[in-house]
Amino acid sequence: LIERVRAAGHRLALLSNMPRPYADHLEAAHDCFGWFEERVWSGRVGLAKPERAIFDHLRITLALDGLDHAVFIDDHAGNIDAAHAFGWPGLHFANAAQCERELTARGFL
């Protein structure tokens, strides 16, 4: 699914509450993390979801003037609620099929 979103020409970024050692391992072990233009790992930036500061950090890093063509995807409903509160369109991830349907409905696929 991530490959298809990327192939459709969309920018990808990762925002994760992951400790630094795990993030380091994942990036070293899996080439797919290179697909993401930006990877914001909480263990590296000292911020965590659902804090506004980590969302603002990503917005600034990606130089997003607006979020009209963005979507924040997360499997934790509390993070989606936070994203909405900060102006990010959000999509609660239940499974890949559901996420694909919603991305298609929103015009991302």
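I will talk about the aromatic pairs and the nonpolar cores in this structure, which is a predicted model.

Let me start with the aromatic rings, where the count comes to 5 aromatic pairs. One of them is formed by Phe-55 and Phe-72, whose rings meet edge-to-face, with 5.1 Å from centre to centre and 65° between the planes. If you look for these two residues in the model, you will find Phe-55 in helix H4, residues 52-61, and Phe-72 in strand S3, residues 72-74, so this pair ties together parts that are 17 residues apart in sequence.

Are these two rings buried or exposed? Phe-55 has a relative accessible area of 1% and Phe-72 has a relative accessibility of 6%, and because buried means under 20%, both Phe-55 and Phe-72 count as buried. The pair is also part of a cluster, in which ring pairs link Phe-55 and Phe-72 with Phe-86 and Trp-88.

Now let me turn to the nonpolar cores. In soluble globular proteins, nonpolar side chains tend to be buried together. Here the largest nonpolar core has 14 residues, and those with the most contacts inside it are Leu-15, Phe-55, Leu-58, Phe-72 and Trp-88. The elements that give two or more residues to this core are H4 and helix H5, which covers 77-85. Separate from this core is a second one, made of 11 residues, including Leu-14, Ala-23, Phe-36 and Leu-103.

Finally, which residues does Trp-88 touch, once we leave aside its neighbours within four places in sequence? Trp-88 is in contact with Phe-55, Leu-58, Arg-59, Leu-64, Leu-67, Phe-72 and Ala-83, and I would suggest following these contacts in the model yourselves.

Key
Residues numbered from 1 in each chain as written. Predicted model: local features only at pLDDT ≥ 70, side-chain atom pairs only at ≥ 80, totals over all residues. Heavy atoms only, no water. Phe/Tyr/Trp six-rings, centres within 6.5 Å; stacked < 30°, edge-to-face > 60°. Helix = DSSP H or I, 4+ residues; strand = E, 2+ residues; numbered from the N terminus. Buried < 20%, exposed > 50% of the residue type's maximum accessible area, 1.4 Å probe, protein only. Core = buried A, V, L, I, M, F, W, Y, C linked by side-chain atoms within 4.5 Å. Contact = heavy atoms within 4.5 Å.
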